[in-house]
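Biologist: I'd like to go through this one with you, question by question. Can you pull it up?

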Amino acid sequence: MAKASDASNLQMVLSDGKGDAAASTVAGSAIATSYNDQIRPLLDAVDRLRHLKVTQEGIQLPTIVVVGDQSSGKSSVLESLAGISLPRGQGICTRVPLVMRLQDDPSADTPVLQLEYSNGRVVPTTEVNVADAINAATAEIAGSGKGISDAPITLVVRKRGVPDLTLVDLPGITRVPVQGQPDDIYDQIARIIREYIAPKESIILNVLSATVDFPTCESIRMSQQVDRTGERTLAVVTKVDKGSEGLLEKVTMDDVNIGLGYVCVRNRIGEETYDQARAEEERLFKYHPLLSKIDKDMVGIPVLAQRLVQIQATIIAKCLPDIVRQINDRLSRSSTELDQMPPDLNNVADAVRAFFHIVKRVCASLEKILVRSEFDEYHDDSHFHGTARISEMLNGYAKKLPAQIPMVGGELFLMEEMRVLEETKGINLPNFLPRSAFLVLLKKKVETIMQEPHDLVNEVWNYVEDIVVKVLLQHSENFPQVQSACRRSVQNMMDKARERSANHVKELIEMELVSDYTANPDYMKTWAEIMHGHDKFMKAVEDNSKPTKITLDFFGEVDVSHMRANADLARQAFDLRVRLTAYWKSIVLRLIDSLALHVLLGVKRLVESDLETELADELLGNKMAGMERMLTPSPSTGTKRERLKKSIMLLRQSKDVVANIMDRISASGEV
């Protein structure tokens with residue numbers, strides 16, 4: 001990993017005055033200078049990273065991107081820098097991104113050129129044939145028509161006298177499609193250009209024709225969208241011999257915010273050699289009545305080469321330490337992500353161990369959620385605060401059960417009891433309360449609430465099932481091939497839980513109907529309190545001179561007029577109502593307490609044993625069929641594992657590349 005001082009050492013090497021000294025020697029050679037010797041290792045490192053396709057990992061590389069409107073002279077500028085001929089013709093000449101890697105090789109008697117494209121394909125070529133080779137590669141990538149593609153071609157040029165530069169030439173901007181071009185050609189080109197110029201690491205080399213108004217150029221508009229201040233934009237003005245009028249004002253007034261300045265050039269014309277073109281360029285800017293007034297630091301291909309080399313060095317110096325950091329960060333994240341993936345399962349024994357590891361983690365999570373009231377795994381998701389949610393359901397159930405015995409709405413006081421007493425009377429002593437009357441009424445009252453316990457257990461088990469499924473799927477996400485079996489296991493388990501609860505509720509109701517019994521002392525206490533109103537009630541019934549409406553504790557205001565004709569029956573009806581009212585409280589408490597304990601026991605048993613048993617039966621049964629499925633990696637898991645392995649390999653190679661160059665920079669800073 002690079003030392004913290006490497007970045008400052010890098011800046012020292014590039015900015016300690018040696019750069020200015022090197023720059024001053026540019027004029028000694030038409031294009032290349034000894035300054036390249038300092039830049040070459042840095043540029044080689046960045047080119048190596050680009051070749052490794054580290055940008056696929058989201059790491060942007062410092063890049064000089066060449067943009068311009070169609071026929072602005074982009075290709076001619078690149079030809080002048082490289083000293084080679086590129087494809088020419090009508091319409092779009094550059095139909096794919098062309099990455100030009102220029103490498104000065106003083107020992108090269110003959111230039112060495114090669115194309116690289118289509119995932120590693122290398123095609124050697126020559127200066128004479130390079131244009132045809134680029135056309136052939138372009139046709140292979142983008143088709144033989146006039147369409148474009150974002151798949152790049154890399155042209156490596158090792159030649160004596162060229163500057164050490166890497167530039168990306170992009171298709172020229174055209175708004176109106178010609179015959180053979182898609183209708184959305186502009187949108188396609190704009191998308192490719194934005195993709196290359198948007199990163200802050202990119203330097204925009206905007207090629208402008210001197211014959212047009214700069215503010216009207218589409219390339220200017222695009223560059224301003226991503227570089228409003230122009231701090232990343234250098235403008236190259238071509239065709240100066242055709243647009244010399246007012247050019248000085250254009251490049252000095254700078255109406256379009258070109259932060260890195262302008263360089264005016266004359267490209268090769270006709271059959272000129274490149275040496276002849278440079279001589280004509282020098283003569284033009286020296287003797288032309290208008291062009292000669294432009295500052296000499298702003299004219300000529302040699303000046304452009306010098307500026308590009310300096311800018312390239314600066315952007316690399318600025319970006320390389322951050323690239324080192326990004327590579328290390330992404331390598332660490334990818335390695336951690338790969339480590340967190342399930343290990344490769346080689347046999348059934350491995351699968352069984354992985355299965356029980358999953359079950360153990362699932363049961364531990366569910367115990368926290370549903371039993372121990374711990375939710376550290378789900379701080380911000382209240383749905384997973386299981387004990388609180390189940391408690392809310394139990395409280396809601398308790399509130400739904402009526403605290404007072406349910407009565408028929410709108411019916412006269414004690415009329416229901418009187419009817420039942422009439423229908424259950426027998427041949428017996430007149431002052432005995434028929435027990436059958438009590439049981440009949442009790443059954444009717446209990447039946448009015450018997451659905452509430454069923455609703456509660458269904459609500460609880462629906463919630464528990466949802467929690468169990470979500471937790472189980474989360475912990476088994478690396479084995480999607482067995483998740484459907486896991487779902488079946490949970491469904492089977494919950495069906496059994498619901499059946500047990502339904503039977504338990506049924507038994508609770510049957511117990512309440514089979515007899516009237518309680519050892520709860522509150523029954524007698526409540527009965528005695530209500531019976532304090534018995535004498536008051538009977539006086540109102542028996543004494544016709546008394547008001548027919550009286551107020552009784554527990555019952556409120558009641559009308560007794562309909563009972564005065566049968567005082568004995570009214571006495572029995574009152575006694576029956578008092579007993580039912582006192583006993584009802586015991587019934588409600590039993591239904592609440594017993595069902596709450598049943599639910600809590602069922603949840604505890606589910607977490608501690610039922611879930612593991614069901615999962616084992618499903619996945620370990622049928623001759624280990626579930627384990628066999630676990631041995632077959634899912635396409636998504638396999639794809640993810642391979643992607644992470646390739647990413648880690650690429651990032652490790654990239655780390656080695658930048659480590660080597662940072663070591664060299666550090667050593668240079670110590671000299």
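Biologist: Which side chain makes a polar contact with the side chain of Arg101?
Modeller: Keep in mind that this is a predicted model. Arg101 sits in strand 2, and its contacts beyond four places in sequence include Glu116, Thr154 and Leu165. The side-chain polar contact, at 3.2 Å, goes to Asp47.

Biologist: Is Arg101 buried or exposed?
Modeller: The cut-off for buried is under 20% relative accessible area. Arg101 comes out at 14%, so the label is buried.

Biologist: And what about strand 2 as a whole, how many of its residues are buried?
Modeller: Take the two faces in turn. On one side you've got Leu98, Met100, Leu102 and Asp104, and on the other Val99, Arg101 and Gln103, with both sides covered. That fits the usual pattern, because side chains in a regular strand alternate between the two faces of the sheet. Strand 2 is largely enclosed by the rest of the structure, because the buried count is seven of seven.

Biologist: Which strands pair with strand 2, and in what sense?
Modeller: With strand 5 the pairing is parallel, over seven bridges, and Gln103 has Arg158 as its bridge partner there. On strand 6 (residues 165-169) the bridge partner of Val99 is Val168. Five bridges make up that second pairing, so to put names to both: parallel with strand 5, antiparallel with strand 6.

Biologist: Zooming out, what is the strand order of the open sheet?
Modeller: There are nine strands in this sheet, and the pairing is mixed. Neighbouring strands are turned by 25 degrees against each other on average, direction ignored. Reading across, the order is 4-3-5-2-6-1-7-8-9.

Biologist: Which strands stand at the edges?
Modeller: Look for strands with a single partner, because one side of each is then left without a neighbour in the sheet. At one end, strand 4 runs antiparallel to strand 3 (residues 112-117), joined by five bridges, with Glu116 bridged to Val122. The two edge strands are strand 4 and strand 9 (262-264).

Biologist: Which helix packs on the sheet against strand 3 and strand 4?
Modeller: This helix also touches strand 2 and strand 5. Its direction makes about 5 degrees with that of strand 3. You're looking at helix 5.

Biologist: What do the buried residues of helix 7 pack against?
Modeller: Helix 7 covers residues 218-226, and its buried residues are Glu218, Ser219, Ile220, Met222 and Ser223. Their packing partners are strand 1 (63-68), helix 6 (185-197), strand 7 (202-209) and strand 8 (233-238).

Biologist: Switching to charges, how many salt bridges are there?
Modeller: Here's a pair to start with: Glu127 and Lys159, at 2.9 Å from N to O. That one links distant parts of the chain, 32 residues apart, from the loop between strand 4 (121-125) and helix 5 (130-142) to strand 5 (residues 153-159). Altogether the count is 40.

Biologist: In that pair, is Lys159 buried or exposed?
Modeller: Its partner Glu127 has 31% relative accessibility, which makes that residue partly exposed. Lys159 has 14%, so the call there is buried.

Biologist: What distance separates the closest N and O atoms of Glu272 and Arg266?
Modeller: Both ends of this salt bridge are tucked away: Glu272 is buried at 16%, and Arg266 is buried at 9%. The closest N and O atoms are apart by 2.8 Å.

Biologist: Which residues in the largest nonpolar core touch the most other members?
Modeller: Nonpolar side chains in soluble globular proteins tend to be buried together. This core has 91 residues, and helix 19 (residues 567-631) gives the most, with 26. The best-connected members are Leu370, Val464 and Phe537.

Biologist: Which phenylalanines does Phe537 touch, leaving out residues up to four places away?
Modeller: The list of contacts has other residue types too, including Leu414, Ile550 and Met563. The phenylalanines on it are Phe413 and Phe574.

Biologist: Last one: how many residues are in the other core?
Modeller: That core lies apart from the largest one. Among its members are Val96, Leu115, Val309 and Leu320, and its size is 67 residues.

Notes: Residues are numbered from 1 along each chain as its sequence is written. This is a predicted model: local features need pLDDT of at least 70, side-chain atom pairs count only at pLDDT 80 or more; totals for chains, interfaces and linings use all residues. Side-chain values use heavy atoms; hydrogens and water are left out. A salt bridge is a side-chain nitrogen of Lys or Arg within 4 Å of a carboxyl oxygen of Asp or Glu. Helices (H or I, at least four residues) and strands (E, at least two) are DSSP runs, numbered from the N terminus. Buried means under 20% relative accessible area, exposed over 50%, partly exposed in between (1.4 Å probe, protein chains only). A nonpolar core is a set of buried Ala, Val, Leu, Ile, Met, Phe, Trp, Tyr and Cys residues joined through side-chain atoms within 4.5 Å. Contact means heavy atoms within 4.5 Å. Two strands pair if DSSP finds at least two bridges between them. Axes are lines fitted to C-alpha atoms, for helices over the stretch in contact, and angles run from 0 to 180 degrees between N-to-C directions. A polar contact is a pair of N or O atoms within 3.5 Å; within protein, one must be able to donate a hydrogen and the other to accept it, and residues adjacent in sequence count only if both atoms are side-chain atoms.
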